Amino acid sequence: MEAHAIIEEVEARRAFRAISAEPVPEEVLRRMLEAAALAPSCGNNQPWRFVVAAGQEALAGLRAALTEGNSWARSAPLLIAALTKPSLDCRLDEGRDEALFGLGLACMNLMLQATREGLYAHPIAGFAPRKARAALGIPEDFVVAALVVCGYPGDPAALDERNRARESAPRERRPIEDFAFRERWPSA
Ligand SMILES: Cc1cc2nc3c(=O)[nH]c(=O)nc-3n(C[C@H](O)[C@H](O)[C@H](O)COP(=O)(O)O)c2cc1C
């Protein structure tokens, strides 16, 4: 491996949309959830909860909840709803409800493991949470923060023109100096 290289899966993970309908094996899914469970959390509260939709009924319910812009996700054989609620984790001063932070860390672990397994794992917030909640029987007090759309790489030709172009577009990121500061918050 190249010295000082970025971790391979961190570099390789992308929010791809051309997803094949090929099912994801149970053992692969299990490793993704095991990776999620290894995330750090406040007081080891492990505030993440996931509802895995791989059966026809749950999938149909979630597909119906997708926004128009996320129609590409309909082909995916595996949708994972990522949820939590504040009472599952530390609730500290100055608005530090840590549950969403912990859920995000667990999701990232899950997505990196998926990448390692040769899957695409694409988080989306573009869905009707009420419909998703109803489809999966999720209680009202949970926040359904995202669906992670998972599956093996599919055929980009099946995508519409805009999404096809996005599959091979270069990644855009702010320069490090824009988001990370040394020693002190920058003065204006
Ligand atoms: C919380 C969250 C919500 C997102 N919602 C959507 C979405 O609704 N539809 C979509 O196509 N991508 C969605 N994305 C994916 C982002 O657009 C994508 O991660 C970002 O453009 C960076 O690209 P990359 O992941 O390929 O590096 C979402 C990502 C996150 C973390």
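1. Glycine 118, just after α4, takes a positive phi of about 85 degrees. Helices here are DSSP runs of H or I with at least four residues, strands are E runs of at least two, and both are numbered from the N terminus. The model is predicted: local features need pLDDT of at least 70, side-chain atom pairs count only at pLDDT 80 or more, and totals for chains, interfaces and linings use all residues. Residues are numbered from 1 along each chain as its sequence is written, and side-chain values use heavy atoms, with hydrogens and water left out.

2. Helix α4 itself covers residues 99–116, 18 residues in total. From first C-alpha to last, α4 reaches 26 Å, close to the 26 Å expected at 1.5 Å a residue (the expected span being 1.5 Å times one less than the number of residues). The buried residues of α4 include Leu103, Ala106, Cys107 and Leu110; buried means under 20% relative accessible area, exposed over 50%, and partly exposed in between, with a 1.4 Å probe and protein chains only. An α-helix has 3.6 residues a turn, so residues three or four places apart point the same way.

3. The chain has seven helices and six strands, in the order α-α-β-α-β-β-β-α-β-α-β-α-α from the N terminus on. Its radius of gyration is 18 Å, which agrees with the value near 16 Å for a compact globule of 188 residues; the radius is taken over C-alpha atoms, and the globule rule is 2.2 Å times the number of residues to the power 0.38. Along the principal axes, the C-alpha atoms fill a box of roughly 50 × 40 × 35 Å. Buried residues make up 40% of the 188.

4. Serine 41 sits in the loop between α2 (26–37) and β1 (49–53). Serine 41 counts as buried because its relative accessibility is 18%. A polar atom of the serine 41 side chain lies 2.9 Å from the backbone nitrogen of glutamine 46.

5. The ligand has 13 residues around it, and Ala15, Arg17, Asn70, His122 and Arg173 come nearest (a residue is near if one of its heavy atoms lies within 4 Å). This shell divides into five nonpolar, three polar and five charged residues.

6. Two side chains approach ligand oxygen atoms: arginine 13, with an N or O atom at 2.9 Å, and arginine 173, with a polar atom at 2.7 Å. A polar side-chain atom of asparagine 70 lies 2.8 Å from a ligand nitrogen. Taken alone the ligand exposes 630 Å², of which the protein buries 61%; these areas come from the Shrake-Rupley method with a 1.4 Å probe.

Notes: Polar contact = N/O pair within 3.5 Å; in protein donor to acceptor, adjacent residues only side chain to side chain. Nonpolar A, V, L, I, M, F, W, Y, C, P; charged D, E, K, R; others polar.
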